[in-house]
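Q: I am new to this structure and would like to be walked through it. Could we take the helices, the sheets and the pocket in turn?

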Amino acid sequence: VAQVTIVDTRPNPMQKSDNAPNLAPSRRSAIRSFKVMDVVAKADRLARAGREIYHLEVGQPQSSAPQPAIRVAQEQLAADRCGYTSARGEPPLRQAIADMYLREYGVTVSTDRIHLTPGSSGAFTIAFMAAFDVGDAVAVPAVCYPCYRNLLQCYGVEVVSLPVDAKYNVTAAVLAAGQHDRAAAGLPAIKGLILSSPANPTGAILTPEELKALCEHCDRTGVQFISDELYHKIVFEGAPRAACALEYSSSPIIINGFSKAYSMTGWRLGWLIAPDHLDSCVDALNQNMNVSAPTVSQRAAVAALGEEAAAELAQHVKRYEDNRAVVVSGLQRMGVQTHEYAPPQGAFYLYADLGRLGVADSLGMCDALLQDAGVAVTPGVDFEEEGSGVGERRVRLSFPGTTEHVAEAMRRLVEWWESEAGLRWRGGA
């Protein structure tokens, strides 16, 4: 079995250069690594060493971009130099996005408020810099996409973790309780809130009524709400409708993109809808930080939003729903009970708590699982507040691949879990 050792190459703010002793990394760069990408890197090294790897770690559809989008990209590459666009993006794509909001949410969005970015990650950085100053308090769910915390910390923001409710959501009541507690403790007021619905890593969804109440509470208490809607369109039967925050307020920042629902991860194309009070500064930040989003991707994305692509993408969601059943069945064979994982109503993740079964080091367990069985899973420490002790017993399983791939990954996971090696990681239970 090929052995691969992970080497942490992140800058150490206390480590100075041997050649230039006065040079050192910035303190702001001392953020946690994105653990799922560490797992991806090790899985890639094992694969290049000849190992067969089954991926349940990264949120990346194994399907390709919609065929209409691929055709447009091929045509554009053959016919045009595909140079820079304006920072806001090309008008046809911004119009197609605006049309989608009217069609699907009944919301009229001015194309002037739509800003195209290099992936939704590019939108996050701009939104955080536009809305918050150093020292501001910004709230995130206690269990959330890790880059929220990491980037906010890098920008000198105080990150406030809000507990999730029984459905793994942050509601208006949860936010109000957090605001009350900070006021009672004499701490600065919460200035911002960012969350996703459907959520990463839980798949939880706010009901339209819950989202409406949250938007109204944010407006009433002066909280800048950033609604991460990247997993809209990946909603399973029986789940609440994934409403858009713009249905209830004009104040939120909306972030979305083509990576997940449109299977276009490597095309690096996202968008941000800015409220009026932030529109000009978002444009200036986008100009300076990104110049423009990829031109070929912008033109292909117009086709991805069309009717022909919609039928193809709907089949992906059906497959994700089938895959969810495969993952749930595997967890049941491992002894995981239904109350020990978040109810996956959308996205393509299942977030499970294995603490009752003896898991106390999810990072080490996931590393051993990958090394021993060739199955890549993300440790919960990526999604929880550092030092909380909760992430050490939790894992996220991602299931956007083919059903056959997911089934074999779960078979291997269950087999390893029941083996002597698996027993060691759950205290011999």
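**Helices, sheets and a pocket**

Q: At what angle do the axes of α10 and α12 cross?
A: In this predicted model, the axes of helix α10 (residues 307-334) and helix α12 (residues 403-417) cross at roughly 10 degrees and come within 10 Å. The two helices are therefore roughly parallel to each other, since angles under 35 degrees count as such.

Q: Which residues meet there?
A: On the α10 side they include R319, D322, V326 and L331, and on the α12 side they include T403, V406, M410 and W417. By class, the contact has ten nonpolar, three polar and three charged residues.

Q: Moving on to the sheets: what is the strand order in the one with seven strands?
A: The order is β2-β8-β7-β6-β5-β3-β4; the sheet is open and its pairing is mixed.

Q: Which strands stand at its edges?
A: Those are β2 (114-117) and β4 (158-162). Each has a single partner strand, so one side of each is left without a neighbour in the sheet. From one strand to the next, the twist averages 20 degrees.

Q: And how is β3 joined to β4, parallel or antiparallel?
A: Strand β3 (residues 137-141) and β4 run parallel, joined by five bridges. In one of these pairings, V140 has S161 in β4 as its bridge partner.

Q: Which helix packs on that sheet?
A: Helix α8 (residues 279-290) does, touching β2 and β8 (270-273). The direction of α8 makes about 20 degrees with that of β2.

Q: What about the sheet of three strands?
A: That open sheet has the order β9-β12-β11, with antiparallel pairing. Its edges are β9 (349-353) and β11 (378-379), each with a single partner strand, so one side of each lacks a neighbour in the sheet.

Q: How many bridges join β11 to β12?
A: Two bridges join β11 to strand β12 (residues 394-398), and the two strands run antiparallel. P379 stands opposite V395 in β12.

Q: Changing topic, what volume does the largest pocket have?
A: Its volume is about 440 Å³. The largest pocket is lined by 25 residues, and F34, G59, S121, Y145 and K260 lie nearest its centre.

Q: Which helix gives the most to that lining?
A: Helix α4 gives the most, with four residues. At least two residues each come from α1 (35-48), α4 (119-131) and α5 (146-154).

Q: And the lining by class?
A: It has twelve nonpolar, nine polar and four charged residues.

How values were computed. Residues are numbered from 1 along each chain as its sequence is written. This is a predicted model: local features need pLDDT of at least 70, side-chain atom pairs count only at pLDDT 80 or more; totals for chains, interfaces and linings use all residues. Side-chain values use heavy atoms; hydrogens and water are left out. Axes are lines fitted to C-alpha atoms, for helices over the stretch in contact, and angles run from 0 to 180 degrees between N-to-C directions. Angles under 35 degrees count as roughly parallel, over 145 as roughly antiparallel, 65 to 115 as roughly perpendicular and the rest as oblique. Contact means heavy atoms within 4.5 Å. Ala, Val, Leu, Ile, Met, Phe, Trp, Tyr, Cys and Pro count as nonpolar, Asp, Glu, Lys and Arg as charged, and the others, Gly among them, as polar. Two strands pair if DSSP finds at least two bridges between them. On a 1 Å grid over the protein atoms alone, a cavity is a set of points where a 1.4 Å probe fits but cannot get out, and a pocket is an open set with protein on both sides within 12 Å along at least five of seven lines; lining residues have an atom within 4 Å of a point. Grid points are joined across faces, edges and corners, and a volume is the space filled by probe spheres set on the points.
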